[in-house]
Amino acid sequence: MKLVFIGPPGVGKGTYAKAVSEKFGIPHISTGDIFREEIKKGSELGKRVKEFLDKGLLVPDDIVIEVVKQRLSMDDCRKGFILDGFPRTLQQAEALEQFASPEWAFLFQARDETILERLGGRRVCPKCGAIYHIKYMPPKVPGICDKCGTPLIQRKDDTPEVIMQRLKIYREQFTPIILFYKERGRLVEIDANEQADKVVPVVIERLRKLYNV
Ligand code: AP5
């Protein structure tokens, strides 16, 4: 399964990608997670991308494309992959065709007010990357990760101003990417307005049919 999960910030791409990754045993690769990890480590790459993430701006194409190319060349991607948050520009979509053409692009969509509520209530585990929501997917013990016991945090780019900036960029730049996959007959559209426990089975069912598994 070579998949890309696309859609606006906060629609739930990471949540659904984690579930599909566990179900089918293929790696979930989030460009946002990779960059946040590098920033945490203080690496050279982290220093180059920090300002873009803090402001909700897109990281330059050449950096993102190189990161994805390297990650997809690793052994665990031989059976397939789920790319979450990539591509985000036409140049990224075209580059991906050259080194790992995805079979399907899943486009998730939800109403603006739903997205804003999801981002405002999101909490993440800084250690294992698990994603929670204070209302919709709360941890068993408030503020603590169910999986590894680490205190949860709010992402730095989940402030109202940065959220608005991320949504603005999405609205301005995303239509060509949607058309790119639509014109090639590889777009799968998913209504993500429902709760995650309703959306995930829909995605899994679509994949079962597409891949006959
Ligand atoms: P990235 O990390 O990719 O952020 P994003 O695309 O803005 O997406 P999010 O991670 O915010 O949302 P999501 O859709 O994964 O939602 P989630 O599952 O967490 O990118 C961050 C930054 O990195 C960018 O701004 C940019 O600077 C840089 N970057 C990354 N990729 C790049 C690229 N290709 N090119 C250039 N720059 C790049 O869910 C959100 C919340 O809702 C959670 O709390 C969750 O629990 C809850 N939730 C999810 N689904 C549901 C549901 N169905 N019902 C109820 N609650 C739900």
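Visitor: How do you know that the side chains of Asp157 and Arg166 meet in a salt bridge?

Guide: A salt bridge needs a side-chain nitrogen of Lys or Arg within 4 Å of a carboxyl oxygen of Asp or Glu. Here the N to O distance is 3.8 Å, so the pair fits that limit. This is a predicted model, in which local features need pLDDT of at least 70 and side-chain atom pairs count only at pLDDT 80 or more, while totals for chains, interfaces and linings use all residues. Residues are numbered from 1 along each chain as its sequence is written, and side-chain values use heavy atoms, leaving out hydrogens and water.

Visitor: Why is Asp157 called buried or exposed?

Guide: Buried means under 20% relative accessible area, exposed means over 50%, and partly exposed is in between (1.4 Å probe, protein chains only). Asp157 has 9%, so Asp157 counts as buried. Arg166, at 11%, is buried as well. Salt bridges that share partners join these two with Arg122, Arg155 and Asp158 into one network.

Visitor: What makes the salt bridge of Asp54 and Lys156 tie parts together?

Guide: The two side chains meet at 3.7 Å, N to O. Asp54 lies in helix H3 and Lys156 in the loop between E6 and helix H7 (160-173), so the pair links parts that are 102 residues apart in sequence. Helices (H or I, at least four residues) and strands (E, at least two) are DSSP runs, numbered from the N terminus. Lys156 is exposed at 60%, whereas Asp54 is partly exposed at 27%.

Visitor: How do you know that Arg122 has a polar side-chain atom by the ligand?

Guide: A polar side-chain atom of Arg122 lies 2.5 Å from an oxygen atom of the ligand. A polar contact is a pair of N or O atoms within 3.5 Å; within protein, one must be able to donate a hydrogen and the other to accept it, and residues adjacent in sequence count only if both atoms are side-chain atoms. For Arg155 the distance to a ligand oxygen is 2.9 Å, and for Thr31 the distance to a ligand nitrogen is 2.7 Å.

Visitor: Why is Glu189 called partly exposed?

Guide: Its relative accessible area is 41%, so Glu189 falls into that class. Glu189 lies in strand E7 (residues 187-191). Not counting residues up to four places away in sequence, Glu189 touches Leu107, Gln109, Lys182 and Arg206, where contact means heavy atoms within 4.5 Å.
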